[in-house]
There are 2 protein chains.
Amino acid sequence: MTTAFDPTLDPQLQSWVASANTDTTDFPIQNLPFGRFRQPGDAAWRIGVAVGDQVLDLRAAGLIDHGDMNRLMQAAPAERRALRTALSEGLREGSAQQAAYARALLAQADVALGLPCEVGDYTDFYVGIHHAMEVGRQFRPENPLLPNYAWVPIGYHGRSSTLQASGSAFHRPMGQIKPAQASQPELAPCARLDIELELGLFIGQPNAQGEPVPIDEAEQHLFGITLFNDWSARDIQAWEYQPLGPFLGKNFASTVSPWMVTLEALAPFRRPFARPVGDPEPLPYLDSADNRAHGAFDIQMEVVLQTARMAQDGYAGDVIAESNFAEAAYWTAAQLVTHHTVNGCALRAGDLFGSGTLSGATKAQCGSLLELTTGGKYPITLSNGEQRGFLEDGDTVILRGWCAREGARRIGFGECRGTVLPVFTKG
Amino acid sequence: MTTAFDPTLDPQLQSWVASANTDTTDFPIQNLPFGRFRQPGDAAWRIGVAVGDQVLDLRAAGLIDHGDMNRLMQAAPAERRALRTALSEGLREGSAQQAAYARALLAQADVALGLPCEVGDYTDFYVGIHHAMEVGRQFRPENPLLPNYAWVPIGYHGRSSTLQASGSAFHRPMGQIKPAQASQPELAPCARLDIELELGLFIGQPNAQGEPVPIDEAEQHLFGITLFNDWSARDIQAWEYQPLGPFLGKNFASTVSPWMVTLEALAPFRRPFARPVGDPEPLPYLDSADNRAHGAFDIQMEVVLQTARMAQDGYAGDVIAESNFAEAAYWTAAQLVTHHTVNGCALRAGDLFGSGTLSGATKAQCGSLLELTTGGKYPITLSNGEQRGFLEDGDTVILRGWCAREGARRIGFGECRGTVLPVFTKG
């Protein structure tokens, strides 16, 4: 990362887009996240940048000459920085481009927001150590945290075909489920449907197959970060996951928020990275002075649950958990890139890393119902008196995230929203 | 599958392409497999069909008006069948199209053959029960075959970005390796580099997210079959794979043969599918009369190892294993499609299923060195006196496959060839 002063991060900067100057917006002029949108009737996605409650169409504004987000994400760091600077200068108060850019603005409320790019490969990591501990306790009581956890940034491959844009719904999955007492499994609707509070890390610059990415070059390959809900069917997962890992318990749907917040926008919210006392240091290929000094990201997150009854009552939902990326994660984003490529694995523009569930150390910081309700044993009671062990049909889950600190403008991630539909029935 | 007589399978059919009429060709007129090729200097791939030692350029022959294999693969069964009929009629002796098609023929030796399509998601299954038993014995001596194996077609997600066309080489991977006696892992070159003899099943018609594919519709979603070598780093895999499955031990490279042999061409080589006596029957969603009657494919395969010294000596290599899909597999292709979608998971045209390692019951039928040498303990001795526990730098592995039976023309899969390079060094 650069440590030079970046004028696009000046907290005093104001935009001529009035909604970008409020205290509550996720998208002040210091943020400038990238996403894809289209208007009703459009076939193709366009590239946009969120500013206040508006989206700037980058092609209409004359800033790019194509609509291919994955191509934009591959740009070299200097080129990315030049685009960010142009955006910041064009959107700030008193800009000479105001009239031209104003014609390229649309209200976010009037467009559909899609997945932020085409995702080639999606990898799900497992960096939340509190989550790994608690899941381990429930799935393998004799052996909760395996000996490789402190050494290997554990991850597995996920599936891209079922990634969904925020605002989508999905059917409760069917699957093989074997109750503990039963002698054989049966095909049944998932009865332990869960959320996973994650962040999505998007790759920009690719590496060539065969060529590992050293730790101090790793962040050059990261384009931006979104919210990510990796819906999970715990009963299907429990029966299928040995010996080759999660499969149908995970790949029915995952929801991605629309806006990729760039590493440039996150620069004021970096934190030192350190291991808990007594834990081994990472192997040398996963260690560097820069990674120790500011490898972590101080991103605050929350999970909101809105049941069907709450929606009918016009109530926005209860916050059921709050957590923080820097506090929950045992590995940094840079370490994930370096580990993923140490064997020569190729990363491509648009590839997605899920962070893994980012639970904190306390009950109020649990990023899954599995943890929050101890596997459904102790259901939570919501503000309207309803109870939940796991998700019910009609439930909507909204993830939110933001960064805030003294001396910097607060930036947000928008929202990641998904709704559970009943089991699919033909016809 | 159709049971009506298909005139394109008539074993008496001869082609005006003389090389398609020899006894030894993989590509008689009864085969007509699809692949992608380009000539030196071309940027884009073109769609071709192999016939003898030639490739027919489908666009140049006027059979299609695009070069997008994934689009072709999505065609409805009737449309696919019409294209196959047109190809068969145009390439057979006495065809009125001979002159026109002859202008669209190129020698396979003069073109580059690529991956047969763009692969979106790649799933690796584990249908080889003898392989699962032996790997289980080595990785989990106390618990070789887990109780879910007889019920769940076990699979996990792989990575698409490192799939390679036949003829490619890859660097020996580095990775975290922990010797059994060591107190901690180290970063080191893989010392237990292995092959996996698999078949690649390619999806044609997609299913909508949320909508399971019933077992008797499953084969409509399969376009064709290739050979597939899923190179594996056993030492990296052993340390990383718990609890979420194989990751860097697998995703550095996998090699795919160029020609997708269609299900139409394989119709004469279907076999009944049955469970070993005493094993439970599949759950109803994975069972049907059609699947029992002819769910299996009688595909013969072999693994050839050519060391660097053999190559220098102009020797083509030793056959180190022979196996058969129908005998090795515990699940059918149709069961894999149905299981993969039972939770609503979406399959897209071009998605790839690896079958898993297809070892038979005997040593001579082992599809991996892990099995063939019992984890390197009993190295094999090659015909020139060299020994191998696992692969060495400079080794080339060639997979071959074919179908043959009385009353049908023998068809082949071409070859799947890959070479091990030394560990990558910068500069």
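Here is a guided tour of this predicted model, one selection at a time.

**Stop 1: the two domains of chain A**

Start with chain A and colour residues 7–113 one way and 122–421 another; these ranges are domain 1 and domain 2. How far apart are the C-alpha centres of domain 1 and domain 2 of chain A? They lie 28 Å apart. The contact between them takes 34 residues from domain 1 of chain A and 29 residues from domain 2 of chain A.

Now look at the seam where the two domains touch. Domain 1 and domain 2 of chain A bury about 2,500 Å² between them, and carbon and sulfur atoms give 60% of that. The seam also has 3 salt bridges. Select R81(A) and E264(A) to see a salt bridge, where the closest N and O atoms are 3.9 Å apart. On the side of domain 1 of chain A that touches domain 2 of chain A, the elements giving two or more residues are β1 (34–38), β2 (46–51), α1 (69–73) and α2 (77–91) of chain A. By class, that side of domain 1 of chain A has 17 nonpolar, 11 polar and 6 charged residues.

Keep R81(A) and E264(A) selected and add D6(A), R80(A) and R84(A): these five residues are linked in a network of salt bridges. While you're still at the seam, note that 13 residue pairs make polar contacts across the interface of domain 1 and domain 2 of chain A.

**Stop 2: a covered helix**

Next, select residues 333–341 of chain A, which form helix α9. How many of the 9 residues of this helix are buried? The answer is 9 of 9, so α9 of chain A counts as buried along its run if you take buried to mean under 20% relative accessible area. Click through the helix and you'll pass, among others, L336(A), V337(A), H339(A) and H340(A), which are buried.

**Stop 3: where chain B meets chain A**

Bring chain B into view. Here 60 residues of chain B are in contact with 60 residues of chain A. The two chains bury about 5,700 Å² between them, with 61% of it on carbon and sulfur atoms. Which three residues supply more of the area that chain B buries against chain A than any other three? Select H157(B), R159(B) and L244(B): they supply 14% of it.

Stay on R159(B) and add D121(A). Their side chains meet in a salt bridge, at 3.8 Å from N to O. Across the interface of chain B and chain A there are 4 salt bridges, along with 31 residue pairs in polar contact. Several elements of chain B supply at least two residues each to the side that touches chain A, including β6 (122–125), α5 (234–240) and α10 (333–341). The largest share, 3 residues, comes from β7(B). In all, the side of chain B that touches chain A has 31 nonpolar, 21 polar and 8 charged residues.

**Stop 4: inside chain B**

Select I225(B), which sits in strand β14 (residues 222–229) of chain B. Is I225(B) buried or exposed? I225(B) counts as buried because its relative accessibility is 2%. Show its neighbours too: I225(B) touches residues including L199(B), W259(B), F297(B), I299(B) and F413(B).

**Stop 5: salt bridges in chain B**

The whole structure has 58 salt bridges over all chains, and three in chain B are worth a click.

- Select R410(B) and D26(B): the closest N and O atoms of this salt bridge are 3.1 Å apart. The two residues are 384 residues apart, with R410(B) in the loop between β25 and β26 of chain B and D26(B) in the segment before β1 of chain B. R410(B) is partly exposed at 25% relative accessibility, whereas D26(B) is buried at 17%.
- Select R36(B) and E118(B): their closest N and O atoms are 3.0 Å apart. R36(B) is in strand β1 and E118(B) in the loop between β5 and β6 of chain B, 82 residues apart. R36(B) is buried, with a relative accessible area of 7%.
- Select R234(B) and E196(B): here the closest N and O atoms are 2.9 Å apart. R234(B) lies in helix α5 of chain B and E196(B) in the loop between β12 and β13 of chain B, so the pair ties together parts that are 38 residues apart in sequence. R234(B) is buried at 2% relative accessibility, and E196(B) is buried at 3%.

Notes: Residues numbered from 1 in each chain as written. Chains lettered and ligands numbered in written order. Predicted model: local features only at pLDDT ≥ 70, side-chain atom pairs only at ≥ 80, totals over all residues. Heavy atoms only, no water. Buried < 20%, exposed > 50% of the residue type's maximum accessible area, 1.4 Å probe, protein only. Helix = DSSP H or I, 4+ residues; strand = E, 2+ residues; numbered from the N terminus. Domains from an automatic or database assignment. Contact = heavy atoms within 4.5 Å. Buried area = accessible area lost by both parts, 1.4 Å probe. Polar contact = N/O pair within 3.5 Å; in protein donor to acceptor, adjacent residues only side chain to side chain. Nonpolar A, V, L, I, M, F, W, Y, C, P; charged D, E, K, R; others polar. Lists of a residue's contacts leave out its neighbours within four places in sequence.
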